[in-house]
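Visitor: I would like to know how the labels used for a protein model are justified. Please take me through some of them.

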Amino acid sequence: MARVLTPRAEDFPRWYQDVIAKAELADNGPVRGTMVIRPTAYAIWERMQADMDARIKATGAENAYFPLFIPESYLHREAQHVEGFSPELAVVTHGGGKQLAEPVVVRPTSETVIGEFMAKWVDSYRDLPLLLNQWANVVRWEMRPRIFLRTSEFLWQEGHTAHATEQDAKDYTLRIHHQVYEKHMRDLLAIPVVPGRKTDRERFAGATSTYTLEGMMGDGKALQMGTSHELGQNFARAFDIQYSSAAGVREYAWTTSWGSSTRMLGGLIMCHGDDNGLRLPPLVAPTQALVMVVKETDGSITAAAKGLVDDLAAAGVRVKLDDRVDTPFGRRAVDAELKGVPLRIEVGPRDLAAGNVTLARRIDGSKTPLPIGGVVTAVTEALVADQQGLYDEALARREASTVEVKTLDEAIEASQTGWAKLPWSAVGVDGEAKANESAITVRCLFREDGSAPAAQDEPNLTAILGRSY
């Protein structure tokens, strides 16, 4: 195959940009830091969105929508929150040709505006828990943009909830963390993620606890794939979210927030892609199988291909027909590989004369002749195997690139090419600051059993350190 992408080993960032361009995933928008998501990538996002939305609703949350514009004064009510977002804010000062009486902020996240309405909607303990989610765009002015990973505007879901007790808020935060995010990333995206707690230095502005899911990319760097936050009563006090308890006492609610974004598309590219382009997990691929007419003679090849498309569609496979015989077959095959189509069924005169077709698998690169009557079974089995195969490959790479060390200096060295795993007690707050000087961060903390700790000062915690996107 002719080289169309920069090899990953030669220049991973350039390879990433090449994949986005050549696979027709996105373009830079007209304003610096913005992006145009093209149909191929948006179709992937729609499948991710549908899966995530179903999981969120299964936890009891309901979808709503809140305004894009937020009064600037709302953000100032929660001091830590505004301090954390100030450098990233886009502020509107004029509208309708006139200066606004109060500037408005283009939402960087919606804790403040949703908190304002929670205060209106919550009066009694009977109104709790209030479980809300919205699918929206947000704006965080990005100084070093990179498509999908860091853009000034991106798409996401953000959940916001209010609870009667601290324990209920914690339980729900962790439920989202595991039952929604972790399962989505592992089961649909085939990305092995490490769940854990962010250090106090890394937690979300205004939160009391932040839980994260960290994925290792193909170059050994970490990507924060999604986060879930306990907000304590910080926002409830700032926005006066109170309720009357069963005893008739006015109490402040306990709130949470949680979000995941189109950054996961970047993670999908960087975790699974190879030097030929995307490799999409079959469950998230918009087209799982592409039936390709290699060459036409008398119309019989196309007729056979259409029959295969009908059979596969009836079996529940997302399938398309490529009968563009006026375009060279090699070019079409390269395009399918670039876009990560998991399976190709190649139908040509020579094979068809023998009653066969060729099954080409994107994940392992194999090509196998098949009897035309066995295509449906072979395709459905291959899709299941390739979904698991991608996960297993990514997990093996992560394990091979994670080094267990004992000291901070060893961790900093190991983090140049992958992740370091060591006792948190060997790092500590001072060590974390030292690591940051080398552009290395503590990605997460977890207990011996893999669960997330309630605080960073718990004994016997393990830390993962690495470079990150």
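Guide: Start with residue classes: Asp, Glu, Lys and Arg count as charged, Ala, Val, Leu, Ile, Met, Phe, Trp, Tyr, Cys and Pro as nonpolar, and the others as polar. In this predicted model, the lining of the largest pocket has 16 nonpolar, 17 polar and 17 charged residues.

Visitor: Which residues lie nearest the centre of the largest pocket?

Guide: They are Glu88, Arg140, Arg150, Gln224 and Arg263, out of 50 lining residues. Glu and Arg are on the charged list, whereas Gln is on neither list and so counts as polar. The volume of this pocket is about 1,600 Å³.

Visitor: What makes a space a cavity and not a pocket?

Guide: In a cavity a 1.4 Å probe fits but cannot get out, whereas a pocket is an open set of points. Two cavities of 30 Å³ or more turn up in a search of the whole structure. The largest cavity holds about 60 Å³ of space, and the second largest holds about 30 Å³.

Visitor: How do you know the class of each residue lining the second largest cavity?

Guide: Its lining consists of Leu25, Ala41, Ile44, Phe148, Leu265, Leu268, Ile269 and Leu278. Leu, Ala, Ile and Phe are on the nonpolar list, so the count is eight nonpolar, no polar and no charged. Helix H8 (263–272) gives the most to this lining, with three residues.

Visitor: What about the lining of the largest cavity, by class?

Guide: That lining has five nonpolar, four polar and one charged residues. Glu111 is among the lining residues, and Glu counts as charged. Gly115 also lines this cavity, and Gly counts as polar. Helix H5 (111–121) supplies four residues, the most of any element.

Visitor: Why are helices H9 and H12 called oblique to each other?

Guide: H9 (residues 300–314) and H12 (residues 375–400) pack at an angle of about 50°. Roughly parallel needs an angle under 35 degrees, and roughly perpendicular needs 65 to 115. The angle of about 50° fits neither range, so the two helices are oblique. Their axes are 10 Å apart, and the crossing is right-handed.

Visitor: What makes strands E18 and E19 a pair?

Guide: A pair needs at least two bridges. Five bridges join E18 (residues 356–361) to E19 (residues 367–371), so the strands pair. They run antiparallel, and Val357 has Leu370 in E19 as its bridge partner.

Notes. Residues numbered from 1 in each chain as written. Predicted model: local features only at pLDDT ≥ 70, side-chain atom pairs only at ≥ 80, totals over all residues. Heavy atoms only, no water. 1 Å grid on protein atoms, 1.4 Å probe; cavity = no way out; pocket = protein on both sides within 12 Å on 5 of 7 lines; lining within 4 Å. Points joined across faces, edges and corners; volume = space filled by probe spheres on them. Axes fitted to C-alpha atoms, helices over the stretch in contact; angles between N-to-C directions. Parallel < 35°, antiparallel > 145°, perpendicular 65-115°, else oblique. Left-handed = near helix turned anticlockwise from the far one by under 90°.
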